[in-house]
Amino acid sequence: MHYKRDINILDFYGSLDENTLLSYKGPIDTRILQVIGSYLEGLLKESPKAGRKVFKIFIELAQNISYYSAEKSIIRNNEEIGTGMVLISDSINHYIFVTGNLVKNDDIVTIIEKSEIINSLNREELREYKREQRKLPVGQKGGAHIGLIQVALTSAHPLDIEVNPIDDDYSFFSIAVKIDK
Amino acid sequence: MENLEIEGTHKNFFIPEVSFNAKTGICEISGESFLEDTIDFYSILIDWLDQYINVVKRPIAFIIKLSYFNTSTSRSILDIMNILKDYEDDGGEVVVNWHFDENDVDMEEDIDDFIIDTGIEINKISF
C-alpha cells in the first residue's frame, strides 16, 4: 500500500548533506520560532559563543520569512504566515545557516542592493550603517530595518545571497550565513 | 504612581521581565526580548517612564540585564535611551547600568552603539 507523496523523499534526503543539523520547510509562525529557537539554544550550549550567534541569526532570518515571504500559509484563526525554508549544517569549524523563501520580483532589487551595501562595508562602517538605519521611522511589522545588517555583524562574514527567478512575479531568494565556532 | 511589573516568560515568545519602581526609581529589565508586537510592549514601558519623568521627577537608575534582544527590540531600547538622555539634559538624575556576559562581545558592541547614538552614559558591567 502506497499513499500519494508530493516528493521523492529519498531525493530530498539525499539532497541534504550529512552535516545537516536541522531542516524545516513550512509556515514560520511564532511557535516554530520559539521551538526551534529554544532547541538551538539548548543544543549549542556546548559552544556558547557560536551558539549565541546561531540563535540570534536564526531569530532574525526566520522572522524575516515569517513577516515578508511572498508565499503565505493560512494557519489557526485565519492567520497569514510567511512560508519558507531553514537549514542549519554543522561542520568542524563552523555552522552554515541557510534560509530560502519566495520574494516578489518587485521587492528583490531592494534586498539585493541592501545586501551588496552590507557586503561592501567593513565592520566599523557596518555599525555606522546600522545606527543610521535604526534611527529611521519604524517600518511595517515594527521592523527596525537592520535585520540583515545585524545578521552580517553577528556572523562577521559576508552574506551569501542567491536569487533564482521562478516566473514573471516571483523569485526564490536564499541567504547563507557562516558562523565560526 | 503605581509600579510596573511584567513577568518574563519563555513560552510562545521571549518576554522580558520588567520591574519599574515608582518609589525608588529603580527600573530593571532582564531576560530575553523577542516579541510579537515589540512596539506595543515597549510603549507601556515608555508611557510609564514619561509619567515618572513628568510627575515624580526623581532620579532614575535604569538597569538592563537582557541576555538577548532582537533588532525590533533594539529600536525600542534606542527610544528609551533617548528619553533618559533628554531627562538628564533637562536636569534629571539618570544612571544606566548594563550587565552583560563578558564572553558576549557582540553585546558590548551593541551597548557602545547606543552610547554613540544617544550620547548617554552607560556603565558596562560584565559578569
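The exchange below takes up the interface, a pocket and the cavities of a predicted model.

Residues are numbered from 1 along each chain as its sequence is written, and chains are lettered from A in the order in which they are written. In this predicted model local features need pLDDT of at least 70, side-chain atom pairs count only at pLDDT 80 or more, and totals for chains, interfaces and linings use all residues, while side-chain values use heavy atoms, with hydrogens and water left out.

User: What makes residues of chain A and chain B count as in contact?
Analyst: Heavy atoms within 4.5 Å make a contact. By that rule 33 residues of chain A are in contact with 28 residues of chain B.

User: What area is buried between chain A and chain B?
Analyst: About 2700 Å², with 46% from carbon and sulfur atoms. Buried area is the accessible area (1.4 Å probe) that two parts lose on being put together, summed over both.

User: Why is the pair A:Arg52 and B:Asp104 called a salt bridge?
Analyst: The term needs a side-chain nitrogen of Lys or Arg within 4 Å of a carboxyl oxygen of Asp or Glu. The N to O distance here is 3.3 Å, so the pair qualifies. The count between chain A and chain B is 11 salt bridges.

User: Which helices of chain A supply at least two residues each of the side that touches chain B?
Analyst: H2 (30-43), H3 (48-68), H5 (123-134) and H6 (147-155). H3(A) gives the largest share, nine residues. Helices here are DSSP runs (H or I, at least four residues), and strands are runs of E, at least two. That side of chain A divides into 10 nonpolar, nine polar and 14 charged residues.

User: What makes a space a cavity, and what makes it a pocket?
Analyst: Both are sets of points on a 1 Å grid over the protein atoms alone. In a cavity a 1.4 Å probe fits but cannot get out. A pocket is an open set with protein on both sides within 12 Å along at least five of seven lines. Lining residues have an atom within 4 Å of a point.

User: Which residues are closest to the centre of the second largest pocket?
Analyst: The pocket has a volume of about 370 Å³. Of its 19 lining residues, A:Glu41, A:Pro48, A:Arg52, B:Glu32 and B:Ser67 are the closest to the centre. H3 of chain A, with strands E4 (60-69) and E5 (94-100) of chain B, each supply at least two lining residues.

User: How many cavities are there, and what lines the largest?
Analyst: The count is six cavities of 30 Å³ or more. The largest holds about 70 Å³. Its lining includes A:Lys56, A:Glu60, B:Tyr68 and B:Asp110. These lining residues divide into three nonpolar, four polar and five charged.

Terms used:
Nonpolar A, V, L, I, M, F, W, Y, C, P; charged D, E, K, R; others polar. Points joined across faces, edges and corners; volume = space filled by probe spheres on them.
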